[in-house]
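Here are my notes from going through this one, as numbered points. Have the viewer open while you read.

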Amino acid sequence: MRALVQTAFGGPEAVAVQRVPEPEPGPHDVVVRVAACALNRLDLLQRRGPGMLPGFSLPHIAGMDIAGHVVATGASVTSRAVGDRVVIDPTVGCGSCAHCLAGERGHCAALRVIGGNAPGGYAEFVAVPAGLAHPVPDHVGLVEAAALPTPWSTAWQATYRVGEVGPDDCVVVQAAASSVSIAAIQLAKRAGARVVAVASTDEKLAAAAGLGADLLLRGDAPISGPVRDFTGGRGADVVLDHVGAATWQRSLDCLRIGGRLVMFGNTTGDEVSLSLANVYHRGLRLLGSGAYTADDFSLMLDTYFSGGLRTLVAAECGFEDLHPTFGRGDSRSLVGRVLVRP
Ligand SMILES: [Zn+2]
């Protein structure tokens, strides 16, 4: 089969289309013919190097967010059949440790991530455990489905399970046009919350407005004052922030007394400082939202497939165009996801 294989660390030249053997299904696996696979930031970071996930090795086939058709099933598989349209949860646990039994596969010591440290979706075929291949209803396209797995599960966990966003909340969403935030804005609106979208460009804010955001703020200007004006002087109930160091202080400043800051990323840096008094005196709750659970994934799909939500696709391309065109590190200027079609 054709696959986009990474053989070194570096720029676009580190990956090339190669012919590699087709995967064989293990007894509990299905083989999926990839219809589409979405570009992730991790793909670019690990291409530049070093590998970030334990067990990463070269050569590597990246691509974590995958949808396609089942074309073969292992001997023990009864839950899926050839021809099924599926979307893949890329998180593979050992299945027997305490974390896996609790559905917290992301904390398994033997964690494998399809496209992260195991062969992924930049290939014509990929083998995955059958239990991670979730059915896609006919009314949802496979390109659309491939845009869902990691950003929507991450947003689900941050917005609902950790952030506990409800109808009375005002929610500030930082980096509002990122793939995770595109999901979070819609999930917060679906819960009945009011949403303040913060982004770096007017184009990104326009995208957030199209998803239902109620107040649009540029991130290069102070946000605390406008958020307080919008909430009658109170401040935001929840801030969803995966930006990290660059937005940390502003996120804290716009919270109400007792407000909650959900932290689930550090794309602008990992180290911050804080005033302990500012946090305890105001009763702020600082909440980490890490690896999504198996339940988060299933609930997210059920919700998305029930309708009324949408993904944004910035571009579709073939293997040859992915890294030369979108892999320069400027993909964050795009609104929506880049989908690769073998
Ligand atoms: Zn485990």
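1. Start with the domain interface. About 790 Å² is buried between domain 1 and domain 2, and carbon and sulfur atoms account for 59% of it. Keep in mind that this is a predicted model. The division puts residues 2-148 + 311-341 in domain 1 and residues 152-288 in domain 2. So that you can find the contact: ten residues from domain 1 and ten residues from domain 2 take part in it. Taken over C-alpha atoms, the centres of domain 1 and domain 2 are 29 Å apart.

2. Next, have a look at Thr311, which is where the second segment of domain 1 begins. Thr311 sits in the loop that runs between helix H10 (294-305) and strand E16 (313-317). Is Thr311 buried or exposed? It counts as buried, because its relative accessibility is 15% and the cut-off for buried is under 20%. Setting aside neighbours within four places in sequence, the contacts of Thr311 are Glu144, Ala147, Leu148, Trp152 and Tyr304.

3. Now the zinc ion. Which residues coordinate it? The ligands are the SG atoms of Cys94, Cys97, Cys100 and Cys108, at 2.3 to 2.4 Å. Along the chain, these donors follow the spacing C-x2-C-x2-C-x7-C. The site is tetrahedral, with angles of 104 to 115 degrees among the four donor atoms. As for burial, Cys100 and Cys108 are both buried.

4. Strand E3 (residues 29-38) deserves a slow look. Nine of the ten residues of E3 are buried, so the strand is largely enclosed by the rest of the structure. Its pairing with strand E4 (residues 65-73) is antiparallel and runs over eight bridges. If you want landmarks in that pairing, Val32 stands opposite Val70 in E4, and Ala36 stands opposite Ala67.

5. Which other strands does E3 pair with? One is strand E8 (residues 125-129), joined to E3 by five bridges in the antiparallel sense. Here Val30 has Val128 of E8 as its bridge partner. Another is strand E17 (residues 337-340), also antiparallel to E3, with two bridges between them. In that pairing, the bridge partner of Cys37 is Val340.

6. Back to E4, to follow the sheet onward. Strand E5 (residues 85-88) runs antiparallel to E4, and three bridges join the two. Ala67 is a handy residue to click on: it stands opposite Val87 in E5, and it also stands opposite Ala36.

7. Last, a loop residue in domain 2 (152-288). Where is Ser273? It lies in the loop between strand E14 (255-263) and helix H9 (276-281). With a relative accessible area of 59%, Ser273 is exposed, because the cut-off for exposed is over 50%. Leaving out neighbours within four places in sequence, Ser273 is in contact with Trp248 and Gln249. Ser273 and Trp248 are 25 residues apart along the chain, and their C-alpha atoms are separated by 8.9 Å.

Definitions and conventions: Residues numbered from 1 in each chain as written. Predicted model: local features only at pLDDT ≥ 70, side-chain atom pairs only at ≥ 80, totals over all residues. Heavy atoms only, no water. Donors = N, O, S within 2.8 Å, 3.2 Å for Na, K, Ca; no water. Tetrahedral: all angles 85-135°; square planar, octahedral: opposite > 155°, others 65-115°. Buried < 20%, exposed > 50% of the residue type's maximum accessible area, 1.4 Å probe, protein only. Pairing = 2+ DSSP bridges. Helix = DSSP H or I, 4+ residues; strand = E, 2+ residues; numbered from the N terminus. Domains from an automatic or database assignment. Contact = heavy atoms within 4.5 Å. Buried area = accessible area lost by both parts, 1.4 Å probe.
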